[in-house]
Amino acid sequence: MEGHVKEEMVGSDAEVSSQDLPSAENLELREELSANPGAEEGVSFFGLCESPPGGASAAAKRFMNLLVLHMDGAVSLEQEAPYGDILVHQGPSFQTAWGTVA
């Protein structure tokens, strides 16, 4: 059927952890956070969205993955203004959620 969009619904009782996230989509974030673990400036979410794959769908997927990582304590998030950039830092459970990046 032309123009048909398949939607996946996640129930309110469904749990997702950082272990369930596709590693390819988060590899760049993982590597940047591992390279600069104490960096005060953090990793820019807007910057991540500019790298391939681009587009609204990829940005939405990255944002949802970011929220899951935050809930697991793998990353901490900082946003100074509504709709502003989100700075991503290593969270308290970064190592246990992702392990060491070689």
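Which residues form a nonpolar patch on the surface? In this predicted model, the patch is formed by Phe63, Met64 and Leu67, which together have about 250 Å² of accessible area. To see where these residues belong, it helps to begin with the protein as a whole and then to return to them.

The protein has 102 residues, of which 27% count as buried, and its secondary structure consists of 4 helices and 3 strands. Read from the N terminus on, these elements follow the order α-β-α-α-β-β-α. The surface that the protein exposes comes to about 7,200 Å², and carbon and sulfur atoms supply 55% of that area. As for how the chain meets itself, among contacts between residues at least 6 apart in sequence, 50% join residues that are at least 24 apart.

The strands are a good place to start. Strands of a sheet pair through backbone hydrogen bonds, and this pairing can be either parallel or antiparallel. Here the 3 strands form an open sheet in the order β1-β3-β2, with antiparallel pairing. Because β1 and β2 stand at the edges and have a single partner strand each, one side of each is left without a neighbour in the sheet. Strand β1, residues 43-44, is joined by 2 bridges to strand β3, residues 87-90, and the two run antiparallel. Within this pairing, Val43 stands opposite Val88 of β3, while Ser44 stands opposite Leu87 of that strand. On the other side of the pairing scheme, strand β2, residues 75-78, is joined to β3 by 4 bridges, and these strands also run antiparallel. One of the residues taking part is Ser76, whose bridge partner in β3 is His89.

Between β2 and β3 the chain passes through a loop, and Tyr83 is found there. Most residues other than glycine have a negative phi. Tyr83, by contrast, has a phi near 70°, a positive value in a residue other than glycine. Its relative accessibility is 81%, and Tyr83 therefore counts as exposed.

The helix that carries much of the rest of this account is α3, residues 56-71, which lies across β2 and β3 and runs at about 115° to β2. Met64, one of the residues of the nonpolar patch, is found in this helix, and Phe63, also part of that patch, has its place in α3 as well. Is Phe63 buried, partly exposed or exposed? With a relative accessible area of 32%, Phe63 is partly exposed. Besides contributing to the surface patch, Phe63 touches Phe45 and Ile86, when residues up to four places away in sequence are not counted. Phe63 and Phe45 are 18 residues apart in sequence, yet their C-alpha atoms are 8.2 Å apart in space.

Ala59 also lies in helix α3, and at 21% relative accessibility this residue counts as partly exposed, since the cut-off for buried is under 20%. Leaving aside residues up to four places away in sequence, Ala59 touches Phe45 and Cys49. The C-alpha atoms of Ala59 and Phe45 are 9.0 Å apart, although the two residues are separated by 14 residues in sequence.

Two leucines in other helices have lower accessibility values that place them among the buried residues. Leu29 has its place in helix α1, residues 23-35, and counts as buried because its relative accessibility is 4%. Leu29 and Phe45 are 16 residues apart in sequence and 9.1 Å apart in space, from C-alpha to C-alpha. Leu48 lies in helix α2, residues 45-50, and is buried, with a relative accessible area of 7%.

Which residues does Leu48 touch, not counting residues up to four places away in sequence? They are Glu28, Leu29, Glu32, Val43 and Arg62. Among these partners, Leu29 belongs to helix α1, and Val43 is the residue that stands opposite Val88 in β3. For Arg62, the separation from Leu48 is 14 residues in sequence and 8.3 Å in space, C-alpha to C-alpha.

Terms used
Residues are numbered from 1 along each chain as its sequence is written. This is a predicted model: local features need pLDDT of at least 70, side-chain atom pairs count only at pLDDT 80 or more; totals for chains, interfaces and linings use all residues. Side-chain values use heavy atoms; hydrogens and water are left out. Two strands pair if DSSP finds at least two bridges between them. Contact means heavy atoms within 4.5 Å. Axes are lines fitted to C-alpha atoms, for helices over the stretch in contact, and angles run from 0 to 180 degrees between N-to-C directions. Patches are made of residues with over 30% relative accessible area and no salt bridge: like charges are joined within 9 Å, nonpolar side chains (Val, Leu, Ile, Met, Phe, Trp, Tyr) within 5 Å. Accessible areas come from the Shrake-Rupley method with a 1.4 Å probe; for residues, only the protein chains shown count as cover. A salt bridge is a side-chain nitrogen of Lys or Arg within 4 Å of a carboxyl oxygen of Asp or Glu. Buried means under 20% relative accessible area, exposed over 50%, partly exposed in between (1.4 Å probe, protein chains only).
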